[in-house]
Amino acid sequence: MSAPEPTRHATGRDGRARPRIGVVVLTMGRRPDDLARGIRSVLAQRDVVTDVVVVGNGWDPATSDPALPDGVTTVHLPENLGIPAGRNRGVPHVSGEVLFFLDDDAFLPHDDFLARGAAMLADRPDLGLIQPRVVDPAGVESPRRWIPRIRKGEATHSSDVFSCWEGAVLLPRAVFEQAGGWGDPYFYAHEGIELAWRVWETGHRAWYAGDLEAGHPVIDPARHAEYYRLNARNRVWLAKRNLPWVLTPLYVGSWTAIQILRWARRPAALRAWFGGWAAGWREDPGGRRPMRWRTVWRMTRAGRPPII
């Protein structure tokens with residue numbers, strides 16, 4: 001996942017170095033207007049230098065209509081490899097000491113987002129991941145799930161977190177590589193939890209920045225046909241890939257109880273969920289890197305032991 005060239009800084013008129021940020025935009029080519037909006041919002045960012053790649057998951061971005069702006073690199077994945085694997089494939093094609101991942105239906109409403117995020121990472125070297133506050137551009141009330149903490153509180157309140165909404169995420173490249181990137185096998189769902197956990201495992205912290213804003217329409221995640229199955233399978237995989245064995249049944253058990261209570265009146269959803277749950281135990285997720293007990297203790301002290 002190394003950069004194709006050494007990290008560089010561009011110098012502005014004021015003589016100050018501007019951080020170079022590698023931006024990976026993932027798309028299947030089904031939302032050309034949203035994709036164009038997201039890319040425009042990245043290219044409009046000030047006080048940074050952006051190196052942008054558009055990764056087409058089962059689609060060739062070079063055929064985009066309208067055409068992508070000059071200077072934007074494209075990667076064509078003939079087969080849809082899934083969301084985390086698609087993001088990972090874009091990283092070697094951008095340079096920069098900071099990485100930013102943007103989904104094709106997300107965008108940056110303010111032109112100082114990347115500069116402020118990069119400054120936050122520079123000023124606070126303990127931070128290894130930043131997820132912004134997410135706002136619907138049409139003014140629809142944002143779902144509480146976009147605030148990745150148990151005690152949600154105000155959306156503008158910043159805090160440590162132990163998962164992330166994956167549509168707009170900023171990380172130092174070194175931390176991303178140390179964490180092992182996004183979990184390729186997941187395909188869809190919960191890869192943001194694993195990335196946050198593995199950021200904590202590197203000795204850094206995952207951070208929800210309530211003062212940084214990204215735009216994204218409110219969409220029901222259950223629109224995906226395999227939402228329930230992958231949600232359950234990947235929950236089991238999270239534990240199998242990342243937790244000490246003694247914590248694995250505790251984590252899966254707590255989430256099993258939560259889902260039964262949540263969907264007790266939706267038997268079809270529960271049947272699909274338990275189908276994925278069984279597959280999670282039956283299938284090998286690969287890539288096991290159990291976190292150290294030191295990390296378990298740090299996460300617990302920060303507010304969320306990895307059993308809930």
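This is a short talk about two helices, one strand residue and a few backbone oddities in one structure.

Okay, hi everyone. Before we look around, keep in mind that this is a predicted model.

Let's start with helix α2, which runs over residues 83–90. How many of its residues are buried? The count is 6 of 8, and that makes α2 mostly covered. If you want to find them, look for Pro-84, Ala-85, Gly-86, Arg-87, Asn-88 and Gly-90. So what does the covering? The list includes four strands, β3 (20–27), β4 (49–57), β5 (73–77) and β6 (98–103), plus the helices α4 (173–179) and α5 (191–201).

That brings us to α5 itself. Here 11 of the 11 residues are buried, so the helix is largely enclosed by the rest of the structure. Notice who's in there: the buried residues include Trp-197 and Trp-200, and also Glu-191, Glu-194, Arg-198 and Glu-201. After the helix comes Gly-203, with a positive phi near 100 degrees.

Now hop over to strand β3, where you'll find Thr-27. Is Thr-27 buried or exposed? Its relative accessible area is 2%, and the cut-off for buried is under 20%, so Thr-27 counts as buried. Its side chain reaches the backbone nitrogen of Gly-29, at 2.9 Å. Leaving aside neighbours within four places in sequence, Thr-27 is in contact with Leu-35, Val-54, Val-55, Gly-56, Asn-57, Trp-59 and Asp-104.

Last stop: the backbone oddities. Most residues other than glycine have a negative phi, and most peptide bonds are trans. With that in mind, here are three spots to click on.

First up, Asp-47, in the loop between α1 (32–43) and β4. Its phi is positive, near 65 degrees, and it isn't a glycine. Asp-47 is partly exposed, with a relative accessible area of 36%.

Next, Phe-187, which sits in the loop between α4 and α5. Phe-187 isn't a glycine either, yet its phi is positive, about 70 degrees. How exposed is Phe-187? Partly, with a relative accessible area of 37%.

And then the peptide bond from Asp-65 to Pro-66: which way round is it, cis or trans? This one is cis, with omega near 10 degrees. You'll find Pro-66 in the loop between β4 and β5.

So, if you take one picture home, make it α5, with 11 of its 11 residues buried, and α5 is also part of what covers the buried residues of α2. Thanks, that's me done!

Methods:
Residues numbered from 1 in each chain as written. Predicted model: local features only at pLDDT ≥ 70, side-chain atom pairs only at ≥ 80, totals over all residues. Heavy atoms only, no water. Buried < 20%, exposed > 50% of the residue type's maximum accessible area, 1.4 Å probe, protein only. Helix = DSSP H or I, 4+ residues; strand = E, 2+ residues; numbered from the N terminus. Contact = heavy atoms within 4.5 Å. Polar contact = N/O pair within 3.5 Å; in protein donor to acceptor, adjacent residues only side chain to side chain.
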